[in-house]
Amino acid sequence: MSADADEQLRQTVAELAARADCVWAGIYFVEEDSLVLGPEAGTPDPGRRTTVPVVWRDTRVAELAADGTVAQSDLEAVAEGIADLCLVGWDTGGTVWES
């Protein structure tokens with residue numbers, strides 16, 4: 001039995017933040033015209049942030065963000081791998097994500 005989508009997304013950001021080249025990782029869900037922070041891990045350092053879109057069937061459903069020196073190509077690969085999971089958490093209805 002696999003972990004549910006929420007848990008898999010939490011695990012994804014925790015694994016990114018545990019890398020030597022990353023101090024923080026988070027997923028921002030697209031809700032209407034804004035981005036809402038979902039699961040996150042680590043200590044934010046916004047001055048070192050890289051973001052990549054998470055796209056599901058040509059629609060941006062989230063943004064994957066990482067603070068540190070993670071290669072953009074690494075983030076793009078992770079974003080591609082979590083697109084289906086982000087779709088599940090896409091509309092939180094304004095409810096704060098519980099980490």
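User: What counts as a salt bridge here, and how far apart are the N and O atoms where arginine 19 and aspartate 74 meet?
Analyst: A salt bridge is a side-chain nitrogen of Lys or Arg within 4 Å of a carboxyl oxygen of Asp or Glu. In this predicted model, the side chains of arginine 19 and aspartate 74 satisfy that criterion, and their N to O distance is 2.9 Å.

User: Which parts of the chain does this pair link, and how many residues apart are they?
Analyst: Arginine 19 lies in the loop between helix H1 (5–17) and strand S1 (22–31), whereas aspartate 74 belongs to helix H2 (residues 72–88). The pair therefore links distant parts of the chain, and the two residues are 55 residues apart.

User: Which residues do salt bridges with shared partners join into one network?
Analyst: Side chains of opposite charge can pair when their charged atoms come close. Arginine 19 meets aspartate 74 in a salt bridge, and its side chain also meets that of aspartate 21, at 2.8 Å from N to O. The network that these shared partners make consists of Arg19, Asp21 and Asp74.

User: Are arginine 19 and aspartate 74 buried, partly exposed or exposed?
Analyst: Partly exposed covers the range between the buried limit of 20% and the exposed limit of 50% relative accessible area. Arginine 19 has a relative accessible area of 29%, and aspartate 74 is at 31% relative accessibility, so arginine 19 and aspartate 74 both count as partly exposed.

User: Which residue forms a salt bridge with arginine 48?
Analyst: Arginine 48 is partly exposed at 35% relative accessibility, and its partner is likewise partly exposed, with a relative accessible area of 28%. The closest N and O atoms of the pair are 3.5 Å apart, and the partner is aspartate 45.

User: How far apart are the end C-alpha atoms of H1, and what span should its 13 residues have?
Analyst: At 1.5 Å a residue, the 13 residues of H1 should span 18 Å. The distance between the end C-alpha atoms agrees with this expectation, being 18 Å.

User: Within what arc do the buried residues of H1 fall, seen down its axis?
Analyst: The buried residues of H1 are Ala5, Leu9, Thr12, Val13, Leu16 and Ala17. An α-helix has 3.6 residues a turn, so residues three or four places apart point the same way. In H1 the buried residues line one face of the helix, because seen down the axis they fall within an arc of 130°.

User: Which element gives the most to the largest nonpolar core?
Analyst: The largest nonpolar core has 23 residues, and those with the most contacts inside it are Ile27, Val54, Leu64 and Cys86. H1, S1, S3, S4 and H2 each supply at least two residues of this core. With six residues, the element that gives the most is H2.

User: How far apart in space are proline 53 and leucine 75, C-alpha to C-alpha?
Analyst: Proline 53 is found in strand S3 (residues 49–56), where it counts as partly exposed at 43% relative accessibility. Proline 53 and leucine 75 are 22 residues apart in sequence, and their C-alpha to C-alpha distance is 9.3 Å.

User: Where does pLDDT stay under 50?
Analyst: The chain averages a pLDDT of 88, and 86% of the residues score at least 70. The model has ten contacts beyond four places in sequence for the stretch where pLDDT stays under 50, which is residues 90–94.

Definitions and conventions:
Residues are numbered from 1 along each chain as its sequence is written. This is a predicted model: local features need pLDDT of at least 70, side-chain atom pairs count only at pLDDT 80 or more; totals for chains, interfaces and linings use all residues. Side-chain values use heavy atoms; hydrogens and water are left out. pLDDT is the predictor's confidence in each residue, from 0 to 100. Contact means heavy atoms within 4.5 Å. Buried means under 20% relative accessible area, exposed over 50%, partly exposed in between (1.4 Å probe, protein chains only). Helices (H or I, at least four residues) and strands (E, at least two) are DSSP runs, numbered from the N terminus. The expected span of a helix is 1.5 Å times one less than its number of residues. The arc is that of the directions from the helix axis to the C-beta atoms. A nonpolar core is a set of buried Ala, Val, Leu, Ile, Met, Phe, Trp, Tyr and Cys residues joined through side-chain atoms within 4.5 Å.
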